[in-house]
Every structure is written in structure tokens, then in C-alpha cells.
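Hi,

Here is the structure I promised to pass on. Have a look at it first, and then read on for what turned up.

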Amino acid sequence: MGSEREGSGRDAGLAGERTRLAWRRTVLAVGVVAVLTARLALSNGTVGALVAALAGLGWLGVLVATFPRFAGRRGDPGRALPVAALVTAGFAGLGLLLVLASVR
């Protein structure tokens, strides 16, 4: 009884397309979060403008880190995931800052 995967070659199927679509969804989701964060932040004055700028920079960071994957070219796969995770943690911190600023 042979295994389903004969040999050690890469899957020539749709794995690359699924990965590309997943990174596109990630960039889109981070963009939506950045826009919603900026919209909420801009109602909080100067601190809000800073938070909105940081949200935009976070989205730009994810876009730049994932662009080779997003565009279907080979890139450094080791840098996109940590950048996305760091930006996600940053959005959590910005959200906490906005909540604490609006409680006052």
C-alpha cells in the first residue's frame, strides 16, 4: 500500500494560488481594520490623528512585507508572517489605547 504522495516533489496543484489568495485576504482585512481604526481615532483629536497614522503605517507595513506573495512572485516567506503578527498586536494595542482614551 503506497502513500498518497509518491516522491518528495512540491504539489503542482493550486497550493500557490490558495496561498496568494490567502495573503490578499490578509492585506484586505488589515486594510479594513486600519480604516476602521483611523475612523474611530480621528474623533479623538491629536492623539487620534497619531493613532490613525500608526494604523496606516501598520497596513503599509503588511502590504510591503506581503507584496511578493500578493503579486504571485516568489519572495522571502519568512518575513511576511512576523510582520503581520506584529501589526496585529499593534492594532490590539491601538484599540486598547482608544478604549482607554474614550473612557475619560
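Which helix does A52 lie in? A52 lies in helix α2. Keep in mind that this is a predicted model, so I'll start with how confident the predictor was and come back to A52 further down.

The pLDDT averages 76 over the chain, and 78% of the residues score at least 70. Among the elements, α1 has the highest mean pLDDT, at 83, while helix α3 (residues 77-103) has the lowest, at 78.

Now the overall layout. You'll find three helices and zero strands, and the pattern along the sequence reads α-α-α. The chain has 104 residues, and 22% of them are buried. If you count contacts with a separation of 6 or more, 59% are between residues 24 or more positions apart. The accessible surface is about 7400 Å², and carbon and sulfur atoms account for 67% of that.

Helix α1 is a good place to start looking. Is its length what you'd expect for a helix of 27 residues, or not? At 1.5 Å a residue α1 should span 39 Å, and its end C-alpha atoms are 38 Å apart, which agrees. The buried residues in α1 are W23, V27, V30, G31, A34, T37, A38 and A41. A general point helps when reading that list: an α-helix has 3.6 residues a turn, so residues three or four places apart point the same way.

One of those residues, A34, is worth a closer look. Helix α1 covers residues 15-41, and A34 sits within it. Is A34 buried or exposed? With a relative accessible area of 7%, A34 is buried, because that is under the 20% cut-off. Leaving out residues up to four places away in sequence, A34 touches A55, W59 and F91. L57 is 23 residues from A34 in sequence, yet their C-alpha atoms are 8.9 Å apart in space.

That brings us to helix α2, which runs over residues 45-70 and holds W59. W59 has a relative accessible area of 30% and is partly exposed. W59 also helps to make a nonpolar surface patch of about 560 Å², together with L50, L54, L57, L60 and V64. So the W59 that A34 touches is also part of that patch.

Back to A52, as promised. Its relative accessibility is 13%, so A52 counts as buried. Apart from neighbours within four places in sequence, A52 is in contact with A38, A41 and L42. A38 and A41 are among the buried residues of α1. The C-alpha atoms of A52 and A34 are separated by 7.6 Å, with their positions 18 residues apart along the chain.

Last stop, helix α3, where you'll find G95. How exposed is G95? At 29% relative accessibility, G95 counts as partly exposed. G95 and A41 are 54 residues apart in sequence, and 9.1 Å separates them in space, C-alpha to C-alpha.

If you want a route through the model, try A34 in α1, then W59 in α2, and finish at G95 in α3.

Cheers

Terms used: Residues are numbered from 1 along each chain as its sequence is written. This is a predicted model: local features need pLDDT of at least 70, side-chain atom pairs count only at pLDDT 80 or more; totals for chains, interfaces and linings use all residues. Side-chain values use heavy atoms; hydrogens and water are left out. Helices (H or I, at least four residues) and strands (E, at least two) are DSSP runs, numbered from the N terminus. Buried means under 20% relative accessible area, exposed over 50%, partly exposed in between (1.4 Å probe, protein chains only). Contact means heavy atoms within 4.5 Å. pLDDT is the predictor's confidence in each residue, from 0 to 100. Patches are made of residues with over 30% relative accessible area and no salt bridge: like charges are joined within 9 Å, nonpolar side chains (Val, Leu, Ile, Met, Phe, Trp, Tyr) within 5 Å. Accessible areas come from the Shrake-Rupley method with a 1.4 Å probe; for residues, only the protein chains shown count as cover. A salt bridge is a side-chain nitrogen of Lys or Arg within 4 Å of a carboxyl oxygen of Asp or Glu. The expected span of a helix is 1.5 Å times one less than its number of residues.
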